Amino acid sequence: MNSQDLANFKVEDYNISEEYGFIHKNPLDKLPQYYKPWMDIAENLTLLIETKKLRKEVMQMPQLGLEHLTDKREVILARVLLSHIVMGYVWQDGEQGAIKVLPQALAVPYYQISKVLGLPLIMVHSDFVLANWKQKDRLGTMTIENLSTIVSLPGGESLQGFVLVTLLVEVAAIPGVKAVIQAVKALLCEERQTLLQAMRDIAQSINKMGEALQLMYDYVDSDVYYNKIRIFLSGWKDNPSMPDGLIYEGASDDPLFFSGGSAAQSSVFHVYDELFGIHHQPESSNFLLKMRQYMPPAHNNFIEWVKGVPKLPEYVQRSGDLDLTSAFNLCITTLTEVRSLHIRIVSKYVTSAGARARKKELLAGSGGQQMQERGTGGSLAMAFLKSVRDTCKEGLLQNNTAADC
């Protein structure tokens, strides 16, 4: 990257903003009247799933075209609605009752919308969180009390809590995204003081992300997450419940395979990894790179933009500046702490809750699940997260003086 690239940089080109970061700004919550069949199902989705009536409703749904979606915000909302309906349709009867074919009236418009937005044919972080929020009081602040989802899946208050706490992590990341841009500009122009302040702002933002993530304990019940919410975030790649993938009738004759929802689909952590020069182990890195294909393409392009700048750790190390080194290491330490918190949350909400579920099944005589604990993204959750955390920690720099350089 050179000064010309920097001069041409426009934050809007990456569908991010200094006001909202990676979060979609003011998402719509209603579609034009033509799409009433989708809206009716989405608004009653939880009830339809819990009463086992969703599949029947979808089978009776007319196949609608995209011609009445007049702007991108409507396309994004349509994708959010259909993504949730798809997950509900597939998992209505639980892990043992998954289907093999998505009916044409749902599969074809979902395929068309996904192609327009450059997203895979499964619900992703952008559908579930970034574009799935509204404020109860539009003049109020983005606090959990003033937020709700546009469309929900089974899980009640815990489902709401899970989505909104995850959204608040993204809210806490907003100043960090702004500071990343400032850091890149400062690095290219070798403006020491601006770079120092940017790194301090990033560390503060990461710390706020950890505080937001901590709210998961207050708003999400671990058994509800494991036994309900997790199932509807599961994908059909590397999933024993759907070994043959999913056929999208009218869109693909062959079954397709996609990973489920994962925190690894949050762009902000990828941005930090690229900025701080964190290189994960091959298996972890491969999974993280795969998850970039589950992000809005513009967000992935922003990650690539950050990747293309001169290497920050090398610049800081070469400078011999103790303040820059301290600020850099504070970012690494704080990011490591957030990743450690994520490990503890997965331990409580997946490992421990899964063990209780299997014990309950054994006591009931149903044999229990003979599966390893996997994250919804299909990764072996704990091993992956510990690898990512440990590699992050290894990014710490040694203090050097200018005389040593």
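**Exercise 1. Find Lys-185 and decide whether it is buried, partly exposed or exposed.**

Solution. Welcome! Start with the accessible area: Lys-185 has a relative accessible area of 37%. Buried means under 20% and exposed means over 50%, so a value in between counts as partly exposed. Lys-185 is therefore partly exposed. Next, place the residue: Lys-185 belongs to helix α8. Finally, look across the chain to Val-309, which is 124 residues away in sequence. The C-alpha atoms of these two residues lie 9.2 Å apart. Keep in mind throughout that you are working with a predicted model.

**Exercise 2. Step back and describe the protein chain as a whole.**

Solution. First, count the elements: the protein chain has 17 helices and four strands. Second, compare its radius of gyration with the globule rule. The radius is 22 Å, close to the 22 Å that the rule gives for 405 residues, so the chain is as compact as a globular protein of that length. Third, picture the box around the C-alpha atoms, which along the principal axes is roughly 75 × 55 × 45 Å.

Now turn to burial and contacts. Of the 405 residues, 56% count as buried. Among contacts with a separation of 6 or more, 78% join residues 24 or more positions apart.

Last, consider surface and charge. About 18,000 Å² is exposed, and carbon and sulfur atoms supply 50% of that area. The chain carries 40 positive and 45 negative charges, and the mean positions of the two sets are 4 Å apart.

**Exercise 3. Work out how many residues of helix α12 are buried, and what covers them.**

Solution. Begin by locating the helix: α12 spans residues 267-275. Go through its residues in turn. Ser-267, Val-268 and Phe-269 are buried, and so are His-270, Val-271 and Tyr-272. Asp-273, Glu-274 and Leu-275 are buried as well. That makes nine of the nine residues, so α12 is largely enclosed by the rest of the structure.

Then look for the cover. It includes α8 (156-189) and α9 (192-214), together with α13 (282-291), α14 (297-307), α15 (312-319) and α16 (322-363). To finish, walk past the end of the helix: Gly-277 follows α12 and has a positive phi, near 65 degrees.

**Exercise 4. Which residues other than glycine have a positive phi? Examine Asn-15 and Asp-238.**

Solution. Here is the background: most residues other than glycine have a negative phi. Asn-15 has a positive phi, near 55 degrees. Asn-15 sits in the loop between α1 (3-7) and α2 (36-43), and its relative accessible area of 35% makes it partly exposed. The second case is Asp-238, with a positive phi of about 55 degrees. Asp-238 lies in the loop between α11 (222-232) and β4 (247-248).

**Exercise 5. Describe the surroundings of Trp-38 and of Gly-155.**

Solution. Take Trp-38 to begin with. Trp-38 is in helix α2, and at 0% relative accessibility it counts as buried. Beyond four places in sequence, Trp-38 touches several residues, including Leu-31, Met-61, Leu-64, Leu-66 and Ala-78. Other residues touching Trp-38 include Leu-82, Ile-85, Pro-109 and Ile-113. Phe-384 is 346 residues from Trp-38 along the chain, and their C-alpha atoms are separated by 37 Å.

Now move to Gly-155, in the loop between β3 (147-148) and α8. Gly-155 is buried, with a relative accessible area of 10%. Setting aside neighbours within four places in sequence, Gly-155 is in contact with Val-224, Lys-228 and Ile-229. Gln-92 is 63 residues from Gly-155 in sequence and 13 Å from it, C-alpha to C-alpha.

**Exercise 6. Find the residue that carries a "binding site" annotation and describe its setting.**

Solution. Check the record: an unreviewed UniProt entry has a "binding site" annotation that covers His-342. Then place the residue, which is in helix α16. Its relative accessible area is 23%, so His-342 is partly exposed. Finally, list the contacts: leaving out neighbours within four places in sequence, His-342 meets Leu-213, Ala-263 and Leu-385.

Conventions
Residues are numbered from 1 along each chain as its sequence is written. This is a predicted model: local features need pLDDT of at least 70, side-chain atom pairs count only at pLDDT 80 or more; totals for chains, interfaces and linings use all residues. Side-chain values use heavy atoms; hydrogens and water are left out. Helices (H or I, at least four residues) and strands (E, at least two) are DSSP runs, numbered from the N terminus. The radius of gyration is taken over C-alpha atoms; the globule rule is 2.2 Å times the number of residues to the power 0.38. Buried means under 20% relative accessible area, exposed over 50%, partly exposed in between (1.4 Å probe, protein chains only). Contact means heavy atoms within 4.5 Å. Accessible areas come from the Shrake-Rupley method with a 1.4 Å probe; for residues, only the protein chains shown count as cover. Lys and Arg count as positive and Asp and Glu as negative; His and the chain ends are not counted. The place of a charge is taken as NZ of Lys, CZ of Arg, CG of Asp or CD of Glu. UniProt positions are given in the numbering used here, feature names are shortened, and annotations may be inferred rather than shown by experiment.
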